[in-house]
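This report describes the fold, the helix packing and selected side-chain contacts of a single chain. The account proceeds from one loop residue to the elements around it.

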Amino acid sequence: SPLSAATTTAAAAAAAVVDVTASTKLYALLILQNFLRTGYAKLADGDRIAFRSSVLNAARQLVLATPSDGGGRTSASAAPLNDGEVRMIAMKLSALLADVVVRDFPQRWPTFVAEVFVPVSRGGLWCEAAGATTTTNDPAAQQQQQQQRSRGG
């Protein structure tokens, strides 16, 4: 049927990795920021959640990109970005995230702090410097940190 063929084609297109230049990413972020200023208020709550989840996922991908895998590589086949491009994209993403926070926190996004200010290893955006210790209210994590300090690690 035409519907199943269209669905199959759409699924194949979604599965394909598209190599996008830094300037295209910056332009897309500019479009999203303009939409945020003009049309975001009209979105239903579910669409707002999807929008900010997409922004958070993009930020996580950028945070997880390490110099050891080619600079700002965000997928297995994406072209590596240079440091300047990574910084520009990071600044645009952070501005976009800040705009979302201004509009949604705390009433529509009460979990903002819990989603963003946790270590990257637990799905957040918080980067820890090597050897740095953090404070936490989690008793198990506090015990683990205390054990690491007592071992000198």
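Phe-105 is located in the loop that runs between helix H4 (83-104) and helix H5 (112-116). The model under discussion is a predicted one. With a relative accessibility of 34%, Phe-105 falls in the partly exposed class. Together with Val-113, Phe-117 and Trp-126, Phe-105 forms a nonpolar patch on the surface, and the four residues have about 380 Å² of accessible area together. The peptide bond leading from Phe-105 to Pro-106 is cis, with omega near 0°. Pro-106 likewise belongs to the loop between H4 and H5.

## Overall architecture

The secondary structure of the chain consists of six helices and zero strands. Along the sequence, this gives the pattern α-α-α-α-α-α. The chain has 153 residues, of which 24% count as buried.

## Packing around helix H4

Two packed helices are described by the angle between their axes and the distance between the axes. Both quantities are available for helix H4 with H3 and with H2.

Helix H3 comprises residues 45-64, and its axis comes within 10 Å of that of H4, with a crossing angle of roughly 150°. H3 is therefore roughly antiparallel to H4, since angles over 145 degrees count as such. The H3 and H4 crossing is left-handed.

For H2 and H4, the axes are 10 Å apart and the packing angle is about 15°. H2 is thus roughly parallel to H4, because angles under 35 degrees are assigned to that class. The crossing of H2 and H4 is also left-handed, as computed for this pair.

A backbone distance complements the description of H4. Ala-95 is a residue of helix H4, and Ala-95 is partly exposed, its relative accessible area being 29%. Between Ala-95 and Leu-29 the C-alpha to C-alpha distance is 9.6 Å, although the two residues are 66 residues apart in sequence.

## Salt bridges

The structure holds four salt bridges. Three of them are listed below with the separation of their closest N and O atoms.

| Basic residue | Acidic residue | Closest N and O atoms |
|---|---|---|
| Arg-37 | Asp-99 | 3.5 Å |
| Arg-108 | Asp-45 | 3.4 Å |
| Arg-48 | Asp-104 | 2.5 Å |

Which elements does the salt bridge between Asp-99 and Arg-37 connect? Asp-99 forms this salt bridge with Arg-37. Asp-99 is in helix H4 and Arg-37 is in helix H2 (residues 22-38), so the contact ties together parts that are 62 residues apart in sequence. The partners fall into separate accessibility classes: Asp-99 is buried, at a relative accessible area of 16%, whereas Arg-37, at 51% relative accessibility, counts as exposed. The cut-offs behind these assignments are under 20% for buried and over 50% for exposed.

Arg-108 forms a salt bridge with Asp-45. This pair joins distant parts of the chain, with Arg-108 in the loop between H4 and H5, Asp-45 in helix H3, and their positions 63 residues apart in sequence. Arg-108 is partly exposed at 41% relative accessibility, and Asp-45 is partly exposed with a relative accessible area of 47%.

A further salt bridge is formed by Arg-48 and Asp-104. Arg-48 belongs to helix H3 and Asp-104 to helix H4, so this pair ties together parts that are 56 residues apart in sequence. Arg-48 and Asp-104 are both buried. Arg-52 is added to this arrangement, as Arg-48, Arg-52 and Asp-104 are linked in a network of salt bridges.

## Helix H2 and Arg-48

Where does Leu-36 lie, and is Leu-36 buried or exposed? Leu-36 is part of helix H2, and Leu-36 is buried, with a relative accessible area of 1%. The C-alpha atoms of Leu-36 and Arg-48 are 10.0 Å apart in space, while the residues are twelve residues apart in sequence.

## Summary

In this predicted model, helix H4 packs roughly antiparallel to H3 and roughly parallel to H2. Salt bridges link H4 with H2 through Asp-99 and Arg-37, and H4 with H3 through Asp-104 and Arg-48. The loop between H4 and H5 contributes Arg-108 to a pair with Asp-45 of helix H3, and this loop also contains Phe-105.

Conventions
Residues numbered from 1 in each chain as written. Predicted model: local features only at pLDDT ≥ 70, side-chain atom pairs only at ≥ 80, totals over all residues. Heavy atoms only, no water. Patch = residues over 30% accessible without salt bridge, like charges linked within 9 Å, V, L, I, M, F, W, Y side chains within 5 Å. Areas by Shrake-Rupley, 256 points an atom, 1.4 Å probe, with all protein chains shown as cover. Salt bridge = Lys/Arg side-chain N within 4 Å of Asp/Glu carboxyl O. Helix = DSSP H or I, 4+ residues; strand = E, 2+ residues; numbered from the N terminus. Buried < 20%, exposed > 50% of the residue type's maximum accessible area, 1.4 Å probe, protein only. Axes fitted to C-alpha atoms, helices over the stretch in contact; angles between N-to-C directions. Parallel < 35°, antiparallel > 145°, perpendicular 65-115°, else oblique. Left-handed = near helix turned anticlockwise from the far one by under 90°.
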